[in-house]
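This briefing takes the chain topic by topic, beginning with backbone details in the loops and moving on to the strands, a helix and the pocket. Please keep the structure open alongside the text.

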Amino acid sequence: MIQFFYENLPETVNTKYTVWLEDIILSEEKKLGEINYIFCDDEYLLKVNQDYLQHDYYTDIITFDYVKGKTISGEIFVSLQRISENASTLSKNYEEELRRVLAHGILHLCGYKDKTEEEELLMRSKEDFYIAKYTKSF
């Protein structure tokens, strides 16, 4: 089950993304467990970053992996404020940037990393693929 929660923000993300996110999981030959997206602002996510990862910087997403075998579960914290700023900085559409970050979290839970240049290229390729699939399907 995929659920959306909000910290310090009104509910703004449409649950229409649920079917698409589930499709990503199935396309990666995984099973859906429990995934919680927690949408928040920059300050909330900065505190999570400091408290749990000992990082002192802003980010758009932090994924906590609770995967067991092929069953995908986790908590995905997303700063909608950072997504908005990134979309503006990159001259991207907000909705597309949001979809990229939502897919990014799921792909992390599916086992994809982005620490090296090669891993990052594969992650971007997967994000682009699933964003295009969303655009065609929904």
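In this predicted model, Glu 29 counts as exposed, because its relative accessibility is 61% and the cut-off for that class is over 50%. Glu 29 sits in the loop that links helix 1 to strand 2, and, although it is not a glycine, its phi is positive at about 60 degrees. The points below begin with a second residue of this kind and then follow the pairing of the strands, one helix and the largest pocket.

**Loop residues with positive phi**

- Ser 91, which is not a glycine either, has a positive phi of about 55 degrees, and its place is in the loop between helix 3 (80-89) and helix 4.
- With a relative accessible area of 68%, Ser 91 is exposed, since the class begins over 50%.
- Two glycines also take positive phi values: Gly 69, in the hairpin of strand 3 and strand 4, has a phi near 65 degrees, while Gly 111, just after helix 4, has a phi of about 110 degrees.

**Strand 1, strand 2 and the crossover between them**

- Strand 1, which covers residues 2-6, has one covered face made of Ile 2, Phe 4 and Tyr 6 and one uncovered face made of Gln 3 and Phe 5.
- Strand 1 runs parallel to strand 2 (residues 31-40), and five bridges join the two; within this pairing, Phe 4 has Tyr 37 as its bridge partner in strand 2, and Phe 5 has Ile 38.
- Between these two strands the chain passes through helix 1 (residues 17-27), and the resulting β-α-β crossover is left-handed.
- Strand 2 is itself mostly covered, as seven of its 10 residues are buried.

**Strand 4 and its partners**

- Strand 2 also pairs with strand 4 in the parallel sense, over eight bridges, and here the bridge partner of Phe 39 in strand 4 is Val 78.
- Strand 3 joins strand 4 (residues 71-79) through five bridges as well, but these two strands run antiparallel, and the hairpin they form has five residues between the strands.
- Val 78, which lies in strand 4, is therefore a point shared by two pairings: Phe 39 is its bridge partner, Ile 61 stands opposite it, and it counts as buried at 0% relative accessibility.
- The C-alpha atoms of Val 78 and Leu 90 are 18 Å apart in space, with their positions 12 residues apart in sequence.
- Phe 64 is part of strand 3 and counts as buried, because its relative accessibility of 17% is under the 20% cut-off.
- Phe 64 and Ile 2 are 62 residues apart along the chain, and 14 Å separates their C-alpha atoms.

**Helix 4**

- How far apart are the end C-alpha atoms of helix 4, and does that distance agree or disagree with the span expected at 1.5 Å a residue? For the 16 residues of this helix (residues 94-109), the expected span is 22 Å and the end C-alpha atoms are 23 Å apart, which agrees.
- The N-terminal end of helix 4 is capped by Asn 93, which places a side-chain oxygen 2.7 Å from the backbone nitrogen of Glu 95.
- Helix 4 is mostly covered, with 13 of its 16 residues buried.

**The largest pocket**

- Rolling a probe the size of a water molecule over the atoms shows where empty space is left.
- The largest pocket contains about 580 Å³ of space, and 22 residues line it, with Ile 61, His 104, His 108, Asp 114 and Lys 115 lying nearest its centre.
- Which element supplies the largest share of this lining? Helix 4 does, with six residues.
- Each of helix 2 (42-53), strand 3 (61-65), helix 4 and helix 5 (117-137) contributes at least two residues to the lining of the largest pocket.
- Ile 61 thus appears in two of these topics, because it stands opposite Val 78 in strand 4, a residue that counts as buried at 0% relative accessibility, and is also among the residues nearest the centre of the largest pocket.

Methods. Residues are numbered from 1 along each chain as its sequence is written. This is a predicted model: local features need pLDDT of at least 70, side-chain atom pairs count only at pLDDT 80 or more; totals for chains, interfaces and linings use all residues. Side-chain values use heavy atoms; hydrogens and water are left out. Buried means under 20% relative accessible area, exposed over 50%, partly exposed in between (1.4 Å probe, protein chains only). Helices (H or I, at least four residues) and strands (E, at least two) are DSSP runs, numbered from the N terminus. Two strands pair if DSSP finds at least two bridges between them. A crossover is right-handed if, with the strands pointing away from the viewer, the path from the first strand over the helix to the second runs clockwise. The expected span of a helix is 1.5 Å times one less than its number of residues. A polar contact is a pair of N or O atoms within 3.5 Å; within protein, one must be able to donate a hydrogen and the other to accept it, and residues adjacent in sequence count only if both atoms are side-chain atoms. On a 1 Å grid over the protein atoms alone, a cavity is a set of points where a 1.4 Å probe fits but cannot get out, and a pocket is an open set with protein on both sides within 12 Å along at least five of seven lines; lining residues have an atom within 4 Å of a point. Grid points are joined across faces, edges and corners, and a volume is the space filled by probe spheres set on the points.
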